[in-house]
Amino acid sequence: MSNVLKCEHLRVVFGGLAAVSDFNIEVNENEIVGLIGPNGAGKTTVFNLLTGVYVPTSGVITLCEKDLAGMSTIARNHEGIARTFQNIRLFKDMSVIDNVMNSFNTKMKYTMAEAFLRLPRYWKEEKAARKRALELLHVFNMERYAEEKAGNLPYGSQRRLEIIRALATNPKLLLLDEPAAGMNPSETENLMETIGKIRDQFHISILLIEHDMSLVMGICEKITVLNFGEVIAQGTPEEIQKNPVVIEAYLGKKRDF
Amino acid sequence: MKKFKLSTPVRYAVNLTLTVLLWVVLSAVISGAGLKGEYFRGIVITIGINIILATSLNVVCGYLGQLPLGHAGFMAVGAYAGAIFMKSTPAAQLLRAGNTAAVVPYVIIAVLISAVVAGIFGLLIGIPALRLKGDYLAIITLGFGEIIRVVLTNIDSVLGFKFTYGASGLARIPKFTSLNVIFVFTAICLFLIHVFMKSRHGRAVLSIRDNEIAAESVGINTTFYKTAAFVFSAMLAGIAGCLYAGYLGSLYPSTFKFMKSIEILVMVVLGGMGSMLGSVISAIVLTALPEMLRSFSDYRMVVYSLALVLMMLFRPKGLMGTYDFSMGNSIEKIVNRIRSPKKKKKDGKKDAADSADAKGVQA
């Protein structure tokens, strides 16, 4: 199995504060990896480093053995990193299908002139994109919402649409930032199924941040625990659950009186 | 029952037929109205120009979600470019001789030149300005618009040649903007905006409005699309300016003051940002309203302002909100309703889902 994502000695400093220091992670093909840690541990900062929102102070990020240094968010998406957001960022006033079709933008090749003159390539590509978008929506049972405004969807569906939109860019690595935030237990269970389905059907690697331990322990093969910007533990869910350092970070130290 | 659906060619044919019909009716009414028709003609031409201006500003304001205040600047650039070109051609003599058909190629070239020149200015201004957002963008475009006007006023006396004739104005421009010309170009401009928005490029522009960070995360080149929409809008404003020059026959830099930009912005906001139909309607209403209120001229501006205030109080999102009209979809809806009127009562839920499916599958 080869690495999809590899971070080595990643470090970012804001002013005097090292938000992330010496962060190492390896995500293999077809693997679901969890990134957990208490609030303010630097999890989302890691995502922002991976997607090029922040520039790392030092360290190397490689995607399929390609160095991502100096690449913008857009270029990294073209390379194969797609993400969702902690607070949903949908294109609210666009229809659901337009939200998905927008992700095909770079794969569609017709030029502006062809769009203005409505030349054959425009029709062909639009039709194909529409079909593919509907197929994608169908996989997640969202087909019936296709013409609905994205902002009008129920909360769970909005989260799902964000994942579909990210998937539509055909990524190698999918970053999910707290996909279960604000969901009730049955919705979370549903989401677990969805995430498993994504991995099996699309053959991509997933790195997810999550506070819901049932979800993380249920589907992740490997877990990395962050605290104060430093990796304090790495391993399988069983190892993490027993790790005293992790328990201390979450619950505090046992004190002898 | 199978749902009634219009194929794309039929949709285009319906829209084209309706447009031609409107043209025929409009020209028949105006030529049949005699002397009064001349007055109407003037109003209709102004309405046409304002429609182009409002819808073009709507591209940046409503669709891209930015707030530029220098639209009159692009109009001025287009107006002067087109006017200077038309003055250099034999169009004036041809028009005087009544040979309108021979002027057509010159008009087309003039409009294209205006669009290109205004587009170049749009690019020059857009690249630095679009790095900013919100009120900062508003102020910087306001500044650029004023720079254009001030340059037009002073460039002749500074450089010492006779080109734009400064504050005294560019006069004796061939009056080529007839009813037919304005109708054709208004229709073309509206069509261009429509096809731009209903493409991958239009979707990208809309996604930037809704959430720029998310747009970047799905690989949309935001800088490119922002600039493209800005340039596109400037080009259309240039076309409107060119037609404006051909209608008035003389140009003064003072026409393109800051207030002109605000006037256009009012039309867009009133019609609803992001709705082309809204921009068209409010351009018509706001151009015709002052004319209709001429009979009690003393209170004209009071009524006009009052209408604006009431509009904003009762419809703060504008006349149409973000609703965009599609003839084909409306026909489909009506036919479907006629065909199965009782279905709704029996099985309301299913019908709602059906009509949601039918809504704008093609557009």
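In chain B, in which helix is confidence lowest, and in which helix is confidence highest?

**View 1. Confidence along chain B of this predicted model.** In chain B, the mean pLDDT falls to its lowest value, 41, in helix α16 (residues 348–358), whereas helix α10 (residues 222–248) of chain B has the highest, at 95. Taken as a whole, chain B averages a pLDDT of 86, and 93% of the residues score at least 70. Over residues 344–363 of chain B the pLDDT stays under 50, and for these residues the model has 21 contacts beyond four places in sequence. For the model itself, the scores are ipTM 0.90 and pTM 0.89.

**View 2. The contact between chain A and chain B.** On one side of this contact stand 30 residues of chain A, and on the other side stand 26 residues of chain B. Helices α2 (73–79), α3 (96–101), α4 (112–117) and α6 (155–167) of chain A each supply at least two residues of the side that touches chain B, and the largest share, four residues, comes from α2(A). Sorted by character, the residues on this side of chain A divide into 11 nonpolar, nine polar and 10 charged.

**View 3. The two domains of chain A.** The domain assignment of chain A gives domain 1, which is written in two parts as 3–91 + 169–251, and domain 2, which covers 94–148. Taken over C-alpha atoms, the centres of domain 1 and domain 2 of chain A are separated by 29 Å. The contact takes six residues from domain 1 of chain A and seven residues from domain 2 of chain A. On the side of domain 1 of chain A that touches domain 2, two residues are nonpolar, four are polar and none is charged.

Note on methods. Residues are numbered from 1 along each chain as its sequence is written. Chains are lettered from A and ligands numbered from 1 in the order in which they are written. This is a predicted model: local features need pLDDT of at least 70, side-chain atom pairs count only at pLDDT 80 or more; totals for chains, interfaces and linings use all residues. Domain bounds come from an automatic or database domain assignment. Two residues are in contact if their C-beta atoms, placed from the backbone, lie within 7 Å. Ala, Val, Leu, Ile, Met, Phe, Trp, Tyr, Cys and Pro count as nonpolar, Asp, Glu, Lys and Arg as charged, and the others, Gly among them, as polar. pLDDT is the predictor's confidence in each residue, from 0 to 100.
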